[in-house]
Amino acid sequence: GAATAPGPGLFGRLLRCKDAGAWTTLPTTSRRWDCPVVMTRWRNVRSGPDVATRSAAYALPLLICLTVLSIPASTWIKSLTMDDALYYPIVARSIASGHGSSFDGITQTNGYHPLWCWLQVPIAAVTGPFGSMTYLWFVKAFIAVVVALNLVVWERLIRRVTGSAWMSATFVLLLGAYWWSVHYLYSGMETPLVVLLIGVSL
């Protein structure tokens, strides 16, 4: 059948503005529906909180990030890390010392996230003479940096997709401060890297 003309509502007016192909005044009884006015109001609806409010959403996640960064490596291991995360230091040190990808120094293995392991190899090479706790502290610091990058990337992504700063601020709080997210992001596993790569790819 014949296409139905858009109704007189906001979205109908937006469609007519689009079809007109130019900033023209629509034939209405009120000038409040002029295309520029409609588009300005639409942008205002989508603008959400201002920059200061959006920035405030980072406060708690970054405080948690700094707290994790400040605690000793031994405390981090006991309170946040998963058992599987402690396989990475052994393999990374084996690679850094020239023995290849091995857990026991004899048998070759690939049972890990390769990129996450290889990113730890330079840390293992540099901190080798200083002991395990120094190595783990630098891994913990690296994780904190990756988590901070996650907050920035995902906040911008959600704001760009939804057009809502409230949505992006809420997502930042859930990603960086919800207990489940904190547990997995700072577990020593490859989780923060994978989440970051997903955000960057989108």
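Glu155 is a buried residue, with a relative accessibility of just 3%. That makes a good way into this predicted model, since Glu155 also takes part in a salt bridge, with Arg159 as the partner. The closest N and O atoms of the pair sit 3.0 Å apart. Both residues belong to helix H8, which covers residues 132-162. They are 4 residues apart there, or about one turn of the helix.

How exposed is Arg159, buried or partly exposed? Arg159 comes out as partly exposed, because its relative accessible area is 27% and the buried class needs a value under 20%. Glu155, at 3%, falls under that cut-off and so counts as buried. As for how many salt bridges there are in the whole structure, the search turns up 1.

Now for the empty spaces. The search finds 1 cavity of 30 Å³ or more, and there is a largest pocket to go with it. Here they are side by side:

| Space | Volume | Nonpolar lining | Polar lining | Charged lining |
|---|---|---|---|---|
| Largest pocket | about 160 Å³ | 7 residues | 2 residues | 2 residues |
| Largest cavity | about 40 Å³ | 6 residues | 2 residues | no residues |

Who lines the pocket? The list runs Asp84, Tyr87, Tyr88, Val91, Phe103, Thr109, Gly111, Tyr112, Cys117, Met189 and Glu190. Helix H6 (residues 87-96) gives the largest share of that lining, with 3 residues. The two charged members are Asp84 and Glu190, while Thr109 and Gly111 make up the polar pair.

The cavity has its own set of walls: Trp76, Ala85, Leu86, Pro89, Gln120, Leu136, Val139 and Gly188. Gln120 and Gly188 are the polar residues in that lining, and charged residues are absent from it.

Out on the surface, there's a nonpolar patch to look at. Which residues make it? Leu174, Tyr178, Trp179 and Trp180 do, and together they cover about 510 Å². Leu174 lies in helix H9, which spans residues 165-177. Leu174 is partly exposed, with a relative accessible area of 49%. A patch residue needs over 30% relative accessible area, so Leu174 clears that bar, yet it isn't classed as exposed because that takes a value over 50%.

Technical notes:
Residues numbered from 1 in each chain as written. Predicted model: local features only at pLDDT ≥ 70, side-chain atom pairs only at ≥ 80, totals over all residues. Heavy atoms only, no water. 1 Å grid on protein atoms, 1.4 Å probe; cavity = no way out; pocket = protein on both sides within 12 Å on 5 of 7 lines; lining within 4 Å. Points joined across faces, edges and corners; volume = space filled by probe spheres on them. Helix = DSSP H or I, 4+ residues; strand = E, 2+ residues; numbered from the N terminus. Patch = residues over 30% accessible without salt bridge, like charges linked within 9 Å, V, L, I, M, F, W, Y side chains within 5 Å. Areas by Shrake-Rupley, 256 points an atom, 1.4 Å probe, with all protein chains shown as cover. Salt bridge = Lys/Arg side-chain N within 4 Å of Asp/Glu carboxyl O. Buried < 20%, exposed > 50% of the residue type's maximum accessible area, 1.4 Å probe, protein only.
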